[in-house]
Amino acid sequence: MVCVILQCVATLNPFLGILASRQKHALPDLPYDYGALEPHISAEIMQLHHSKHHAAYVNNLNITEEKYQEALAKGDVTGQVALQAALRFNGGGHINHTIFWTNLSPNECLLKPWCDGHLTSGDLMEAIKRDFGSFQKLKEKMSAATVAVQGSGWGWLGFDKENGRLRIAACANQDPLQGTTGLIPLLGIDVWEHAYYLQYKNVRPDYVKAIWNIVNWENVGERFKAASK
């Protein structure tokens with residue numbers, strides 16, 4: 001799954017729109033059933049979110065890349081510039097959701113050394129204590145930043161490779177974290193309404209609180225390990 005993300009990152013530059021490959025992007029399979037995250041996220045939400053919303057980003061990204069290649073072949077700079085917003089939105093949507101699905105797990109208590117959505121040990125935990133004071137403070141700060149996103153967007157735990165520190169950030173719409181802030185994404189929380197409205201209505205804080213119960217800390221830890229090299 002991580003390879004899919006890296007491939008997408010390699011083929012999309014949100015600022016310059018330079019495409020390195022014409023290979024088609026594909027909707028990744030979920031590593032669990034649509035109903036596996038209940039009661040925290042309903043099967044109906046997961047099915048719509050994955051098979052409709054993420055699929056639309058993938059489809060529109062492929063269409064936009066084809067148009068971009070045509071403009072590039074014609075030397076049509078105006079056309080290339082005009083496609084930047086669509087590349088950023090749909091490319092970011094594909095990157096963000098590919099990360100999001102793997103950040104979640106129905107088996108959080110089967111993954112040691114964490115249980116009940118609480119990380120208890122390991123290199124990532126030590127970094128969290130160093131940069132936030134405690135795991136609880138990380139949850140509080142990231143939850144607050146995520147709930148506070150105006151309109152649609154994402155809350156992120158990212159890694160600042162230059163300074164070797166963990167950081168919390170929020171991105172509007174589908175802006176990809178690394179392409180817009182330079183932070184390497186470790187954990188993302190989608191706060192577009194399609195991610196929670198059918199179940200939580202307009203009470204975004206309840207959704208954000210619930211999602212901590214299904215964070216796949218094994219996946220987040222692997223991302224941190226890779227980013228720290």
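# Exercises on helix packing and a strand hairpin

Of the contacts (heavy atoms within 4.5 Å) in the protein chain between residues at least 6 apart in sequence, 69% join residues at least 24 apart. The model is predicted, so local features need pLDDT of at least 70, side-chain atom pairs count only at pLDDT 80 or more, and totals for chains, interfaces and linings use all residues. Residues are numbered from 1 along each chain as its sequence is written, and side-chain values use heavy atoms, without hydrogens and water.

**Exercise 1.** State how many helices and strands the protein chain has, and what share of its residues is buried.

*Solution.* Start with the elements: 10 helices and five strands (DSSP runs, H or I of at least four residues for helices, E of at least two for strands, numbered from the N terminus). Then take burial (under 20% relative accessible area, 1.4 Å probe, protein chains only). Buried residues are 49% of the 229 in the protein chain.

**Exercise 2.** Describe how H2 packs on H4.

*Solution.* Locate the helices: H2 spans residues 43-74 and H4 spans residues 84-103. Their angle is about 140°, and their axes lie 8 Å apart. Axes are lines fitted to C-alpha atoms over the stretch in contact, with angles from 0 to 180 degrees between N-to-C directions. Classify the pair: H2 and H4 are therefore oblique. The cut-offs are under 35 degrees for roughly parallel, over 145 for roughly antiparallel, 65 to 115 for roughly perpendicular, and oblique for the rest. Next, the hand: the crossing of H2 and H4 is left-handed (near helix turned anticlockwise from the far one by less than a right angle). Finally, the residues: those of H2 include His49, Tyr57 and Leu61, and those of H4 include Phe89, Gly93 and Trp101. The contact of H2 with H4 divides into 11 nonpolar, 12 polar and one charged.

**Exercise 3.** Describe how H5 packs on H6, and list the residues in contact.

*Solution.* H5 covers residues 123-132, and H6 covers residues 135-147. They pack at about 65°, with axes 8 Å apart. H5 and H6 are therefore roughly perpendicular. H5 passes H6 in a left-handed crossing. H5 contributes Met125, Ile128 and Phe132, while H6 contributes Phe135, Lys137, Leu138 and Lys141. Sorted by type, five are nonpolar, none polar and two charged.

**Exercise 4.** Work out the pairing of E3 with E4, and find the residue with a positive phi in their hairpin.

*Solution.* E3 (residues 153-160) and E4 (residues 165-172) pair in the antiparallel sense over eight bridges. Pairing requires at least two DSSP bridges. Tryptophan 156 has alanine 169 in E4 as its bridge partner. Four residues lie between the strands, and glycine 164 in this hairpin takes a positive phi near 65°.

Notes: Nonpolar A, V, L, I, M, F, W, Y, C, P; charged D, E, K, R; others polar. Buried < 20%, exposed > 50% of the residue type's maximum accessible area, 1.4 Å probe, protein only.
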